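Colleague: I am new to this structure. Please take one helix and the sheet beside it, and walk me through them closely.

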Amino acid sequence: MTYQGVLTKMQTEIGNTIQYYLVFEDSFLNMNQLLNKEIEFNFVGYECLNCHKKKKIFRQGFCYDCFYSSPAVGDWIMRPELSTAHLGIADRDLEYEQKVQLQPHVVYLAVASEIKVGVTRKTQVPTRWIDQGASQAIAIVEVPNRYLAGITEVALKSHYTDKTNWRKMLQQTTQVFDLVQEKAKLENLIPEEVREYFFSEKNDLYELNYPVLNYPTKVASLNLDKTPSFQGKLVGIKGQYLIFENGSVFNIRSSEGYVVTINV
Ligand SMILES: [Zn+2]
């Protein structure tokens, strides 16, 4: 079978084992069913996820012009503490920013390589954690807007990383941590104005299991710019990565906006 379409991050469904779907305009692929099978990817072209023109992808699935003009990729996305919609101040488009920023956000601890701190919209729990390949995660606070989540993350960054080491995540050299105990230790580190939102009693610990048959001992990252055509036997899916038998890994998320054909 051949599928063709624009890559966007895989849709996921939590369960005993997480289910992954590649969704195209008029078809979709349940990736779990392709485990232990050969898959071939071929680069066809580009399609910006914002303007849908066939322009080269610059970052995050967007062409250069869209990346620097769309409100969906303002600086406050990566740095939530820069959010200003709660003050009525626009970055690129106040109406859009109010819609996204002025909604419940969660600050969490997650373990993908080591313990990291992060921010997500509440509606993105547990999707955000699955996308990062976290094996465990726990919410620390739930706040009414992105700004408050951002300043909490900044305060915790001096104690925890905010990055995932993707090599370690894919090799599962992850240690096991006690996130409930870790969370209990950090109440005093949270900014004054956020402390009322701290989950002092609530411990909603998520454990996430990925469809991985074997973890690679050495990983080599594939990308469609350097390798426009590749194939391999799929042995695992974790985060937004496909893991092949020979240790090659392909990050679907960083290939958003690339048009491919997939032979299975
Ligand atoms: Zn565009």
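Modeller: **Helix H5 and its sheet**

Helix H5 is largely enclosed by the rest of the structure, because 8 of its 11 residues are buried. Buried here means that 20 or more other C-beta atoms lie within 10 Å of the residue's own; exposed means 12 or fewer, partly exposed is in between, and C-beta atoms are placed from the backbone. This is a predicted model: local features need pLDDT of at least 70, side-chain atom pairs count only at pLDDT 80 or more, and totals for chains, interfaces and linings use all residues. Residues are numbered from 1 along each chain as its sequence is written.

The buried residues of H5 are Arg146, Tyr147, Leu148, Ala149, Gly150, Thr152, Glu153 and Leu156. Their cover includes helix H2 (75–78), helix H3 (94–101) and strands E8, E9 and E10. Helices (H or I, at least four residues) and strands (E, at least two) are DSSP runs, numbered from the N terminus.

Now the sheet. Its 4 strands are ordered E9-E8-E10-E11, in an open sheet with antiparallel pairing. Two strands pair if DSSP finds at least two bridges between them. Strand E9 (115–121) and strand E11 (205–207) are the edges, each pairing on one side only. On average, neighbouring strands are turned by 30 degrees against each other, direction ignored. Strand E10 (residues 136–143) and E11 run antiparallel, joined by 3 bridges. Glutamine 136 has glutamate 207 of E11 as its bridge partner. H5 (residues 146–156) packs on this sheet and touches strand E8 (105–111), E9 and E10. Its direction makes about 175 degrees with that of E9. Axes are lines fitted to C-alpha atoms, for helices over the stretch in contact, and angles run from 0 to 180 degrees between N-to-C directions. Contact means C-beta atoms, placed from the backbone, within 7 Å.

Step back to the whole chain. The chain divides into domain 1 (2–62 + 212–263) and domain 2 (103–207), with bounds from an automatic or database domain assignment. Their C-alpha centres lie 27 Å apart. Domain 1 gives 15 residues to the contact, and domain 2 gives 11 residues. The chain has 7 helices and 16 strands. Along its principal axes, the C-alpha trace spans about 55 × 40 × 30 Å. Buried residues make up 33% of the 264 residues. Among contacts with a separation of 6 or more, 66% join residues 24 or more positions apart.

Definitions and conventions:
Two residues are in contact if their C-beta atoms, placed from the backbone, lie within 7 Å.
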